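User: Please take a close look at one part of this model, the packing between a pair of helices, and explain how it is arranged and what can be said about individual positions.

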Amino acid sequence: AYASYDITLKNKHWWEQVVQVAETRYGVGRGLQADVLQAQVELGRYLDRLFQWRQSQESVQADLNALRSQPPNTPIPRPQVLQARPLTLKLENLLKMAADQPRLQALKAIVAKQEKAVDLARKDFFPDFTVGLAYGLRESIPTRERPDFFSSSFTVNVPIWQRNKLKPRVREQQARKAAAQDAYQAAVDRLNAAIKDRFEILQRLADQIKLYGQGIIPQARQAAEASLAAYQAGTLDFASLSQNFIALYNAELKWQEYLKNFEGTWAEMEWLVGQELPRIGAVG
């Protein structure tokens, strides 16, 4: 919102020059009154856009303050200007990072737990041996002394209900284990697909940012400057002049949109892999 406001303000200053040139040409009888009126209308549109971007800034500020449990008008420092950054990430490295993602580790722990549950259920098929040892104290009576004694015990619990009780219990734990493994694998597949999707979006945005920053915007700026000089000299019509300035304005807004989307997708990628990704410095 800040960047779009600045772009609109800059283009408004450009268009003020157009209005002056149109009025000068009309004043000396070399231009049309329609050109002057159309230039003034377009200048008014830039003013309207400035109001909209200002209101957008205030709306976002109110939303951010609501998230921070602060009053809506609490000042928030202006964010840093978005800059183009090179895409240095590699898909294979991102997929490796995602293997340690906390949500996947939680599902993997559930799988390990169910594996232990299956092992414990299978152990119920084996006899259960219990060995006991005790020491007894006895009171002596007047007619006879009663010495203390040791006692021992040995019991065997034989599982004879394998078909009716033990086998269904094992099958139940095996089914839970299979469900946990399926849930883990499904989560891995969804995560890898999301990472690949965001990576492709980052690649596209990086190419678009480079195209606009190094190609379309410089060319549009040169065309706008040249068209203003040509219109002032009377070698270009007003419609072509207006088209060139609008093309420059739209290109600069589109470039800012690509920068914003790049940073937003980058943040989504960090959430997917579960860690912060290294940022390389901005490029021109």
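Analyst: What follows describes a helix pair and then turns to two single residues. The model is a predicted one, and the values given here are computed from it. The pair consists of H1, which spans residues 2-27, and H2, which spans residues 33-67. Their axes lie 9 Å apart, and the two helices pack at an angle of about 165°. Because angles over 145 degrees count as roughly antiparallel, H1 is described as roughly antiparallel to H2. The crossing of H1 and H2 is left-handed, and the contact of H1 with H2, sorted by residue class, holds 15 nonpolar, six polar and seven charged residues.

Within H1 itself, Ser4 offers a view of a single position. Its relative accessibility is 10%, and Ser4 therefore counts as buried, since the cut-off for that class is under 20%. When residues up to four places away in sequence are left out of the count, Ser4 touches Trp53 and Leu253. Of these partners, Trp53 falls within the residue range 33-67 that makes up H2.

Ala179 provides a second position to consider, and its place is in helix H5, which covers residues 162-233. Ala179 has a relative accessible area of 46% and is therefore partly exposed, because that class lies between the 20% limit for buried and the 50% limit for exposed. Although Ala179 and Gln114 are 65 residues apart along the chain, their C-alpha atoms are separated by 9.5 Å.

Notes: Residues numbered from 1 in each chain as written. Predicted model: local features only at pLDDT ≥ 70, side-chain atom pairs only at ≥ 80, totals over all residues. Heavy atoms only, no water. Helix = DSSP H or I, 4+ residues; strand = E, 2+ residues; numbered from the N terminus. Buried < 20%, exposed > 50% of the residue type's maximum accessible area, 1.4 Å probe, protein only. Contact = heavy atoms within 4.5 Å. Axes fitted to C-alpha atoms, helices over the stretch in contact; angles between N-to-C directions. Parallel < 35°, antiparallel > 145°, perpendicular 65-115°, else oblique. Left-handed = near helix turned anticlockwise from the far one by under 90°. Nonpolar A, V, L, I, M, F, W, Y, C, P; charged D, E, K, R; others polar.
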